[in-house]
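The points below are offered as a colleague's note on the structure, for reading alongside the sequence and the coordinates. They take up the ligand, a further pocket and the overall chain in turn.

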Amino acid sequence: MTSRTDSRSSPANGPRLSLYTTFRLGGPCRGLTTCVNATELRRAIRAFGEVGEDFVLIGGGSNLLVNDAGIDRQVIRYFSERPMVARQGNEIIVQASTRLDDLANYAVQQGLDGLLCCTGIPGTVGGAIVGNAGAFGEQIGDRVISITALDRNATERELPADELGFGYRQSRLSDTGAMVAAARLRLRQGDRTRLRARRQEILALRAAKHPDWQRIPTAGSFFKNIEPTSSAERRQAAGWFLEQAGAKNLRVGGARPYEKHANIIIAERGCTAADVLELSRQMAALVHEEFGIELHREVRLLGDWPANAV
Ligand SMILES: Cc1cc2nc3c(=O)[nH]c(=O)nc-3n(C[C@H](O)[C@H](O)[C@H](O)COP(=O)(O)OP(=O)(O)OC[C@H]3O[C@@H](n4cnc5c(N)ncnc54)[C@H](O)[C@@H]3O)c2cc1C
């Protein structure tokens with residue numbers, strides 16, 4: 001299999017990142033190369049290195065707000081339509097280009113427990129590991145044994161989980177810039193019938209609470225939940241504070257909070273990335289005025305944004 005490249009001479013004519021993000025927002029980039037496995041990823045990184053082209057890496061684009069002006073860099077999209085997964089006993093080896101829900105489904109079909117928390121979350125395994133994605137108090141980082149990481153020179157290293165600094169919706173990988181090519185995960189034997197039933201329950205729960213991202217442009221929860229100030233407390237939902245502060249009444253251009261979940265921004269017809277950012281700024285300001293709490297963004301910004309962006 002070979003990687004696919006969509007490349008033009010100037011970023012203004014380059015592929016639009018709105019085609020590759022679930023917000024359906026974002027201007028052009030210099031060129032976009034899709035890689036489906038570690039070999040292709042390594043090759044693409046080397047090729048850009050040889051010609052001195054800078055690049056950014058994305059996965060499913062489901063946690064990104066890309067600037068309307070786009071980015072004057074190459075983009076590598078590490079994404080596979082087909083699950084690239086292998087089982088070894090209770091361990092799974094997965095190419096990080098695999099869609100997260102394909103991995104969660106594979107585990108269920110194999111009768112392996114431990115990834116139900118990833119059911120229905122869009123994006124790739126790589127994006128999930130970098131942001132330690134999850135739900136219901138569990139996250140993918142809990143299952144990671146090690147990753148195969150590539151640096152900007154395409155040098156490969158095996159990094160054990162205890163070097164990845166997993167925390168709530170974060171890992172050390174964001175600081176180091178290491179790219180996740182593949183991962184080894186440890187699961188446990190489960191009851192296939194029970195796992196299948198739970199998967200269906202979670203999918204139904206998500207369908208009831210979240211917008212269908214295939215139809216409604218969004219990047220899911222915009223802000224992180226609020227960390228407890230003592231070990232006795234639980235993490236508090238940012239959506240609750242936003243709801244109480246009246247954030248659902250806000251609207252900026254085509255951007256507005258989703259009617260069933262105040263922490264989810266949806267982009268309606270004509271919406272720009274600047275609308276979304278301004279709305280998020282106003283939402284955070286409301287919560288700060290009402291409760292004195294600072295909200296921190298979960299969605300990542302890509303492109304040149306003002307230094308004072310939330
Ligand atoms: C409807 C909806 C519901 C969601 N629900 C949840 C939820 O319940 N829980 C949750 O945690 N998240 C949720 N999300 C957010 C999102 O799906 C996850 O954060 C997902 O893991 C992001 O993966 P991605 O491949 O789309 O990453 P992208 O958005 O493409 O990238 C995000 C970041 O990861 C980096 N990155 C991507 N791939 C790699 C890689 N291979 N190596 C190194 N860095 C990489 C990018 O550079 C970028 O900084 C939801 C999103 C939507 C749209």
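1. In this note, Ala, Val, Leu, Ile, Met, Phe, Trp, Tyr, Cys and Pro are counted as nonpolar, Asp, Glu, Lys and Arg as charged, and the others, Gly among them, as polar. On that basis, the shell around the ligand comprises 14 nonpolar, 14 polar and 4 charged residues. The model under discussion is a predicted one.

2. The surroundings of the ligand number 32 residues, of which Leu57, Gly59, Ser62, Thr124 and Arg206 come nearest.

3. Three polar contacts deserve individual inspection. At Ser62, a polar side-chain atom is placed 2.6 Å from an oxygen atom of the ligand. Gly61 contributes through its backbone, with an N or O atom 2.8 Å from an oxygen atom of the ligand. Arg206 addresses a nitrogen atom of the ligand, from which a polar side-chain atom of this residue lies 2.7 Å away.

4. Taken on its own, the ligand has 980 Å² of accessible area, and the protein covers 91% of this. The elements that supply two or more residues to the shell around the ligand are β3 (55-58), α3 (125-131), β13 (179-186) and β15 (218-221). Of these, α3 gives the most, with 4 residues.

5. The second largest pocket may be examined separately. Its volume is about 150 Å³. The lining consists of Tyr168, Gln170, Lys224, Asn225, Ile226, Glu227, Ile293, Glu294, Leu295 and His296. By class, these lining residues divide into 4 nonpolar, 3 polar and 3 charged.

6. Regarding the chain as a whole, its secondary structure amounts to 7 helices and 18 strands. The radius of gyration is 19 Å, close to the 19 Å given by the globule rule for 310 residues, so the chain is as compact as a globular protein of that length. Along the principal axes, the C-alpha atoms fill a box of roughly 55 × 50 × 35 Å.

Methods:
Residues numbered from 1 in each chain as written. Predicted model: local features only at pLDDT ≥ 70, side-chain atom pairs only at ≥ 80, totals over all residues. Heavy atoms only, no water. Near = heavy atom within 4 Å. Polar contact = N/O pair within 3.5 Å; in protein donor to acceptor, adjacent residues only side chain to side chain. Areas by Shrake-Rupley, 256 points an atom, 1.4 Å probe, with all protein chains shown as cover. 1 Å grid on protein atoms, 1.4 Å probe; cavity = no way out; pocket = protein on both sides within 12 Å on 5 of 7 lines; lining within 4 Å. Points joined across faces, edges and corners; volume = space filled by probe spheres on them. Rg over C-alpha atoms; globule rule 2.2 N^0.38 Å.
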